[in-house]
Amino acid sequence: MGDAGLGPTTNAADQEKASGLKESGTKVTAEGDSKTLDSFPACLVSTGVFKYVQVHAIAPDGTRKVIVRAAPGSFHADVAEPLCEELREKGLRYEIPGGGRIRRDDDNKEIEIYGHSKGFGMPDHSVSAAICRGHFPGYKVTHRNTGY
């Protein structure tokens with residue numbers, strides 16, 4: 001069952017994938033550093049309406065960076081997976097407090113953040129909104145920390 005043409009909402013395989021991504025965020029096989037965090041853009045949001053995830057990347061020295069990703073994918077884990085793999089490869093841990101949807105309308109210069117991920121939960125959307133405001137000057141960025 002999908003949400004107004006936005007694709008499937010979740011299934012057992014997605015729940016397992018999300019759980020695996022969360023768990024693997026605590027395991028580091030290489031040694032990254034806080035400079036490595038700088039190589040990851042804090043905000044990559046595709047134009048349109050997409051599922052999004054908020055990921056907290058963590059360097060070995062404890063330095064943290066919040067990263068927002070919104071892109072095509074059937075499930076939130078599909079959006080998170082490429083970023084999570086790259087973070088692990090660079091020796092960085094991560095946490096995924098949740099996800100939702102982001103609507104980016106370039107014609108009207110609007111970004112709306114809402115909803116939640118059944119696999120990851122709902123993050124504080126105000127954090128994602130602040131990051132989007134910094135990367136999209138001139139856009140009206142709104143959020144609601146409620147369901148769909």
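Biologist: How many disulfides does the count come to?
Modeller: A disulfide here is a pair of cysteine sulfur atoms within 2.5 Å. The model is predicted, with local features needing pLDDT of at least 70 and side-chain atom pairs pLDDT 80 or more, while totals for chains, interfaces and linings use all residues. Residues are numbered from 1 along each chain as its sequence is written, and side-chain values use heavy atoms, without hydrogens and water. By that rule, the number of disulfides is zero.

Biologist: Why does Cys43 form no bond with the closest cysteine sulfur, and how far away is that sulfur?
Modeller: Cys43 is buried, at 8% relative accessibility, where buried means under 20% relative accessible area, exposed over 50% and partly exposed in between (1.4 Å probe, protein chains only). Cys132 is also buried, at 0%. The closest cysteine sulfur to that of Cys43 belongs to Cys132 and is too far for a bond, at 3.9 Å.

Biologist: Which element gives the most to the largest nonpolar core?
Modeller: A nonpolar core is a set of buried Ala, Val, Leu, Ile, Met, Phe, Trp, Tyr and Cys residues joined through side-chain atoms within 4.5 Å. The largest has 17 residues, and Val55, Leu87 and Ile96 have the most contacts inside it. At least two residues each come from β2 (48-58), α3 (76-89) and β4 (93-105), elements taken from DSSP runs (helices H or I, at least four residues; strands E, at least two) and numbered from the N terminus. The most, six residues, comes from α3.

Biologist: How many residues does the second, separate core have?
Modeller: Val45, Ile111, Ala129 and Tyr139 are among its members. The size of this second core is 16 residues.
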